[in-house]
Amino acid sequence: MQENTDQQKSTELSEVQRFRVLIVEDQEMPRQLFEAMIAGSGRYGLVKSIRSADMADLVCGYCKVDLILMDVLTELGASGLNAAGRIKRRFPAIRIIIVTSMPEVSWIRRARDLGVDSFWYKEVNEEPILSIMDRTMQGEHVYPDEAPVVKLGDALSSDFTDREIEILRELITGDTNQEIADRLHLSLFTVKDYIKKLLLKTGLHSRTELAVKISQAGIVINDRQLIEPD
């Protein structure tokens, strides 16, 4: 009798949990929160919870997955954005939500370009992730208008032009001004002039201090190695 009851409960649970979710998250606390939220939702079931985005393709190949909660910077330097692009090409029916706490200014655009369904900031989003999941599974594409605005010295992240953001991204590589100039196809004078203007805008005192503050703020991430070639 007990065995029959357990089988009945298992059948009822599988019928209620219509959508199977893969979590890709290398930080312990948010991963546990996502797992608990899914377990208590009554309409989602956990397929697997992994730390590295490089394993996501493999899981999707041997498990039925309806939805992925995908962090961007994952274990061993694996990029959730790269993984999302690969999965969308191989398994276009799988819905993907990027979940991140980093205010990197380029990630929203890159996620859209890759066909990611939705995008959610862990710490500043007023709408719960479960609501984003529901809307995404109903066919909506839920994106914030922009990355969270953070301070860099006296300036806000929203104060920088696209070219200034490009220079900021290069500064955290540790490369010389000449190397940056060569990579961006600019003159050395132009790069130096941009850095001087950025120091004035932020009120910071040196190139080194600027690079350190950029890294701390998370406005740009040195993830060139994470971007797969076309």
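# Cysteines and cores

User: How far is the sulfur of C60 from the closest cysteine sulfur?

Analyst: That closest sulfur belongs to C63 and is too far for a bond. A disulfide needs a pair of cysteine sulfur atoms within 2.5 Å. In this predicted model, the C60 sulfur lies from the C63 sulfur at 8.5 Å.

User: How many disulfides does the structure hold?

Analyst: C63 is in no disulfide, with C60 as its nearest cysteine by sulfur position. Residues count from 1 along each chain as its sequence is written, and side-chain values use heavy atoms, without hydrogens or water. Local features need pLDDT of at least 70 and side-chain atom pairs pLDDT 80 or more, while totals for chains, interfaces and linings use all residues. The disulfide count is zero.

User: Is C60 buried or exposed?

Analyst: Buried means under 20% relative accessible area, exposed over 50%, partly exposed in between (1.4 Å probe, protein chains only). C63, at 21%, is partly exposed. C60 has 6% relative accessibility, so C60 is buried.

User: Which helix gives the most to the largest nonpolar core?

Analyst: A nonpolar core joins buried Ala, Val, Leu, Ile, Met, Phe, Trp, Tyr and Cys residues through side-chain atoms within 4.5 Å. The largest has 30 residues, with L22, I68, M70 and I87 making the most contacts inside it. Elements supplying at least two residues each include β1 (19-24), β3 (67-70) and α4 (80-90); helices (H or I, at least four residues) and strands (E, at least two) are DSSP runs, numbered from the N terminus. With four residues, the top contributor is α4.

User: How many residues are in the second, separate core?

Analyst: This core includes L152, I167, L210 and I214. Its residue count is 21.
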